[in-house]
2 protein chains.
Amino acid sequence: MEEGAPMKIQRYKHDSENSYALGAALTYELVSNMPAYARRVFIRSNITKTAAVTELLSMCRNKRIPVTENDKAFNILSPKGNCFVIGEFKKPCFPIGNASHIVLVNPSDAGNLGTILRTAVGFGIDQVAVVRPAVDVFDPKTVRASMGAVFRARVQYFDSIEAYREAFPENRLYAFMLKASRPIGEVEIREPYSLVFGNEATGLPDRFAEFCESVVIPHSNGIDSLNLPIAAGVAMYEFTKEYWHQTKRNT
Amino acid sequence: MEEGAPMKIQRYKHDSENSYALGAALTYELVSNMPAYARRVFIRSNITKTAAVTELLSMCRNKRIPVTENDKAFNILSPKGNCFVIGEFKKPCFPIGNASHIVLVNPSDAGNLGTILRTAVGFGIDQVAVVRPAVDVFDPKTVRASMGAVFRARVQYFDSIEAYREAFPENRLYAFMLKASRPIGEVEIREPYSLVFGNEATGLPDRFAEFCESVVIPHSNGIDSLNLPIAAGVAMYEFTKEYWHQTKRNT
């Protein structure tokens, strides 16, 4: 916490220094995975102190994260009223490193970005590059859709795909697009890889086929395309399945 | 159309006889796939007659579906104001037949149901059983999330999993659950199959392992579970991939 007067509670804006985990389960993920970034926890005066809530509050005490009863915070941040705990956190900035990545080019929906982060942490490709313009990874809607996976993933923004490529020249890029040269089942996987996905409405521009291996997930003509998080989920499954099946066999 | 006075336009309720496709793209899917169920099309007075809108209106004329300018319909059905075409349709009831199925037990989220229908049509498993209590497949939110796939799929509701099993004793049931005996990569696929998924928050009850082959999609401990439409998408991909890759090679 900074010194001086307590910070004002404000409705989230993209340029805010802080954001919010709305709900006890998300706040638990925040406090257990990124305690150094958790600033305050607000509870509603009419909260029921279930075992889970008691455990959360005791964890906050141990990690010296202040907890305050503050109904006004809920009126501002979660006016619908089905939320009893809010975790305020300083937005972190963890650059991604040398590894396989997910690369999202111009994603526009907070719920989709959160779902993709949850899936990425699930399949262990938890370093994610996002090419601007793009939705905000710390928007409370993204945080909620990620079910807290946003506190376990690393997400770095880039101004262009070229900037990303310069930073990670070793990575082999696989671009998921409808006009593609190979179906996913025939792709040779070489690590470190980057699984590249376009915007929900427009997909990837054709020019991505010039510097990526273009890949399609075959489907019927009954739909125009798979929904973005589904395509990303299937791709992550296919690229990591050997690893997970081996892990499963060895446990 | 029924005879007599035009039907009143009402906000959608689950027991309504009619529902609504909100937007030109969805209305196009309605009119091209289920013209016999399309009752009326409403357009907003300030609509821009793009090529797509003109094509839609001409298709309505050919199929004798009445089109009326009616701003009040938009105030009632789509108050946010970014919608210029609404298709009103009688909710159909097409029972599913002998085939492989998706079985959704107690799905509670309209967006998820719509996304699963879109994926199901994409992978060609377009007959879907839904076990009650469950969200409404013709809720305008489901229709929208399906991107119109709801007009290509068949969806039948059942009061219990037992009722479903009695109707389709031939089907081999694969239940996707965390406590499962096999990882998805080691499952022997036998047609016709039923891919069974539980509720978003609670999953499938343990007892499903007694009459289904239980299957898990392996993932890290960083998440509690995959999101329901992602798990369903990965399962449909894995169960149909041989077919789609052969199809792709032969075209």
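In this predicted model, strand 5 (residues 101-105), helix 4 (residues 110-123) and strand 6 of chain A come together as a right-handed β-α-β unit. The path then carries on from strand 6 of chain A through helix 5 (residues 140-145) to strand 7 of chain A, and this β-α-β crossover is right-handed too. Strand 6 of chain A thus turns up in both units, and it makes a handy place to start looking at the sheet.

On one side, strand 6 of chain A pairs with strand 5 of chain A, in the parallel sense and over four bridges. Within that pairing, A:Val103 has A:Ala129 as its bridge partner. Strand 6 of chain A also pairs with strand 7 (residues 154-158) of chain A, again parallel, this time over five bridges. Here A:Val128 is matched with A:Val155 in strand 7 of chain A.

How many residues of strand 6 of chain A are buried? The count is five of the five residues in 127-131, so the strand is largely enclosed by the rest of the structure. Side chains in a regular strand alternate between the two faces of the sheet. For strand 6 of chain A, one side carries A:Gln127, A:Ala129 and A:Val131, the other carries A:Val128 and A:Val130, and with all of these buried, both faces are covered.

Zooming out, the sheet in chain A is an open one with seven strands in the order 7-6-5-10-8-11-9, and the pairing is parallel. Its edges are strand 7 and strand 9 (182-183) of chain A, each of which pairs on one side only. At the strand 9 end, two bridges tie strand 9 of chain A to strand 11 (residues 213-216) of chain A, with the two strands running parallel. One of the matched pairs there is A:Arg182 with A:Val215 in strand 11 of chain A.

Chain B has its own open sheet of seven strands, with parallel pairing and the order 7-6-5-10-8-11-9. Strand 7 (154-158) and strand 9 (182-183) of chain B sit at the edges with a single partner strand each, so one side of each has no neighbour in the sheet. Strand 5 (residues 101-105) and strand 6 (residues 127-131) of chain B run parallel and are joined by four bridges, with B:Ile102 standing opposite B:Val128.

Next comes the domain layout. Chain A splits into domain 1 (18-90) and domain 2 (101-249), and the centres of the two, taken over C-alpha atoms, are 31 Å apart. Contact between them involves ten residues of domain 1 of chain A and seven residues of domain 2 of chain A. On the domain 1 side, strand 1 (18-22) and helix 1 (24-33) of chain A are the elements that give two or more residues. Helix 1 of chain A supplies the largest share, at five residues. By class, the domain 1 side that touches domain 2 of chain A breaks down into seven nonpolar, two polar and one charged.

Helix 1 of chain A deserves a second look. Seven of its ten residues are buried, which leaves the helix mostly covered. The buried set consists of A:Ala24, A:Leu26, A:Thr27, A:Tyr28, A:Glu29, A:Leu30 and A:Val31. These buried residues pack against strand 1, strand 2 (38-43), helix 2 (51-62), strand 4 (85-90) and helix 5 of chain A. Helix 5 of chain A is also the helix in the crossover from strand 6 to strand 7 of chain A.

That leaves the way the two chains fit together. A turn of 180 degrees and a shift of 0.0 Å along the axis lay chain B on chain A with an RMSD of 0.0 Å. The two copies are therefore related as by a two-fold rotation axis. The contact takes 29 residues from chain B and 29 residues from chain A. On the chain B side, helix 4 (110-123) and helix 8 (228-249) of chain B are the elements that give two or more residues, and helix 8 of chain B provides the largest share with ten residues. In terms of class, the chain B side has 13 nonpolar, twelve polar and four charged residues. As for which surface each copy uses, 100% of the interface residues of chain B are also interface residues in chain A, so the copies meet through the same surface.

Methods
Residues numbered from 1 in each chain as written. Chains lettered and ligands numbered in written order. Predicted model: local features only at pLDDT ≥ 70, side-chain atom pairs only at ≥ 80, totals over all residues. Domains from an automatic or database assignment. Contact = placed C-beta atoms within 7 Å. Nonpolar A, V, L, I, M, F, W, Y, C, P; charged D, E, K, R; others polar. Least-squares fit on C-alpha atoms with pLDDT ≥ 70 in both. Pairing = 2+ DSSP bridges. Buried ≥ 20, exposed ≤ 12 C-beta atoms within 10 Å, placed from the backbone. Right-handed = clockwise from strand over helix to strand, strands pointing away.
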